[in-house]
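Hi,

Here is the structure I promised to pass on. Have a look at it first, and then read my notes below.

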Amino acid sequence: MLSLVFAAVSALVWGAGDFAGGKASQRTDSFGIALVAELAGIPLVIGWLIVTRPGPPAAADLTWGAAAGVVGVAGLVVFYRGLAGGAMSVVAPLTATTTAAVPLLLGLVLDRRPSTLALCGAVLAVVAITFVSAGPTGGVTVPRGTIVAALGAGLLFGGYFTLIAQTSHTSGMWPLLSGRLAGVAGLLVAMRVMRVPLRMDRASVALASTAGVFDVTANAFYLVAVRGGMLSITAPIASLYPVSTVFLAMAVDRERMRPLQITGLGLAAAALVLTAA
């Protein structure tokens, strides 16, 4: 039960970070946003390590963390590139649904099998994510490349959920630190090879930094959650982040919630009840 609480909290925090990152993506390149976000989270992880003082990390845990970090930051870049295509109503739900489906399926193979009710709740969470993150399509034709980017981002995010879950309970937050450092290194190499300039105004840096702080905090909650629960259940609940993103869009941007999104919120609540049963 406690693992579900941590997973739900991680979803709320991730949604806030996604909202800030989405705002930044309207102003600057996705590589810059991802780099600043990764750097902003490092001091926070170091602070947690100083306070909690876990033992020396095993090489395997650092490796899993680094792999998860590279995959996760690649997902961010691809996701923001997809949003730049102007079809957010397609990119957001497709990415979010794929993100939840990947660890759900892999968790059934790698982890112990959940109860029937819990599994139904996890599947319902995937459906809820699709509904909540859906926006009006307006009859716009979506390029194939945008759809590929959305699916790719979802696969990468789902891969992050699965990879970071392979770390041991005793490693504490060390995998998050190795993940952030590996993510920064990977971004710098990619930007150098692709000759991507880093040009960001103060507002973009502030938004990206906020997204990074929220992101690494959500990572920590998810890590605690998945270590105390099952991947196939915890990850879909943590993937309910579009819920808080939608609420923030209503509060800040004065967006109106569509009937499909309201239905999605009801399904999300039902999913939480079923997984906790």
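**Ser232 and its surroundings**

Leaving out neighbours within four places in sequence, Ser232 is in contact with Pro103, Leu104, Gly107, Leu108, Pro114 and Ala122. Before you read too much into that, keep in mind that this is a predicted model. Ser232 sits in helix H9. Is Ser232 buried or exposed? Its relative accessibility is 0%, and the cut-off for buried is under 20%, so Ser232 counts as buried.

**H9 and its partners**

Ala122, one of the contacts of Ser232, belongs to the H5 side of a helix pair. The axes of helix H5 (residues 116–132) and H9 come within 9 Å and cross at roughly 25°. Angles under 35 degrees count as roughly parallel, so that is what H5 and H9 are to each other. The crossing of H5 past H9 is left-handed. On the H5 side, the contact is made by Ala118, Leu119, Ala122, Ala125 and Ile129, and on the H9 side by Ser232, Ile233, Pro236 and Ile237. Sorted by class, the contact of H5 with H9 has eight nonpolar residues, one polar and no charged ones.

H9 also packs with helix H8 (residues 202–228), and here the angle is about 155° with the axes 8 Å apart. Over 145 degrees counts as roughly antiparallel, so H8 and H9 get that label. H8 passes H9 in a right-handed crossing. Tyr222, Ala225 and Val226 from H8 meet Leu231, Thr234, Ala235 and Ala238 from H9. The classes for the contact of H8 with H9 are six nonpolar, one polar and no charged residues.

**H1 against H10**

How do helix H1 (residues 2–25) and helix H10 (residues 242–252) cross, and at what angle? Their axes come within 7 Å and cross at roughly 50°, which makes H1 oblique to H10. The crossing of H1 and H10 is right-handed. From H1, the residues involved are Ala11, Leu12, Gly15, Ala16, Asp18 and Phe19, and they meet Ser244, Thr245, Leu248, Ala249 and Val252 in H10. The contact of H1 with H10 divides into seven nonpolar residues, three polar and one charged.

**Aromatic rings**

How many aromatic pairs does the structure hold? There are six. One of them is formed by Phe79 and Phe157, with 6.1 Å centre to centre and 65° between the planes, and it is edge-to-face. This pair links distant parts of the chain: Phe79 is in helix H3 (residues 59–84) and Phe157 in helix H6 (residues 144–164), 78 residues apart. Both Phe79 and Phe157 are buried.

Ring pairs also link Trp14, Tyr160, Phe161 and Tyr222 into a cluster. You have met Tyr222 above, among the H8 residues that meet H9.

**An exposed arginine**

Last stop: Arg256, in the loop between H10 and helix H11 (259–276). Its relative accessible area is 77%, and over 50% is the cut-off for exposed, so Arg256 counts as exposed. The C-alpha atoms of Arg256 and Val36 are separated by 31 Å, with their positions 220 residues apart along the chain.

Over to you!

Technical notes
Residues are numbered from 1 along each chain as its sequence is written. This is a predicted model: local features need pLDDT of at least 70, side-chain atom pairs count only at pLDDT 80 or more; totals for chains, interfaces and linings use all residues. Side-chain values use heavy atoms; hydrogens and water are left out. Rings of Phe, Tyr and Trp (its six-membered ring) pair if their centres lie within 6.5 Å; planes under 30 degrees apart count as stacked, over 60 as edge-to-face and the rest as tilted. Helices (H or I, at least four residues) and strands (E, at least two) are DSSP runs, numbered from the N terminus. Buried means under 20% relative accessible area, exposed over 50%, partly exposed in between (1.4 Å probe, protein chains only). Axes are lines fitted to C-alpha atoms, for helices over the stretch in contact, and angles run from 0 to 180 degrees between N-to-C directions. Angles under 35 degrees count as roughly parallel, over 145 as roughly antiparallel, 65 to 115 as roughly perpendicular and the rest as oblique. A crossing is left-handed if the near helix is turned anticlockwise from the far one by less than a right angle, and right-handed if clockwise. Contact means heavy atoms within 4.5 Å. Ala, Val, Leu, Ile, Met, Phe, Trp, Tyr, Cys and Pro count as nonpolar, Asp, Glu, Lys and Arg as charged, and the others, Gly among them, as polar.
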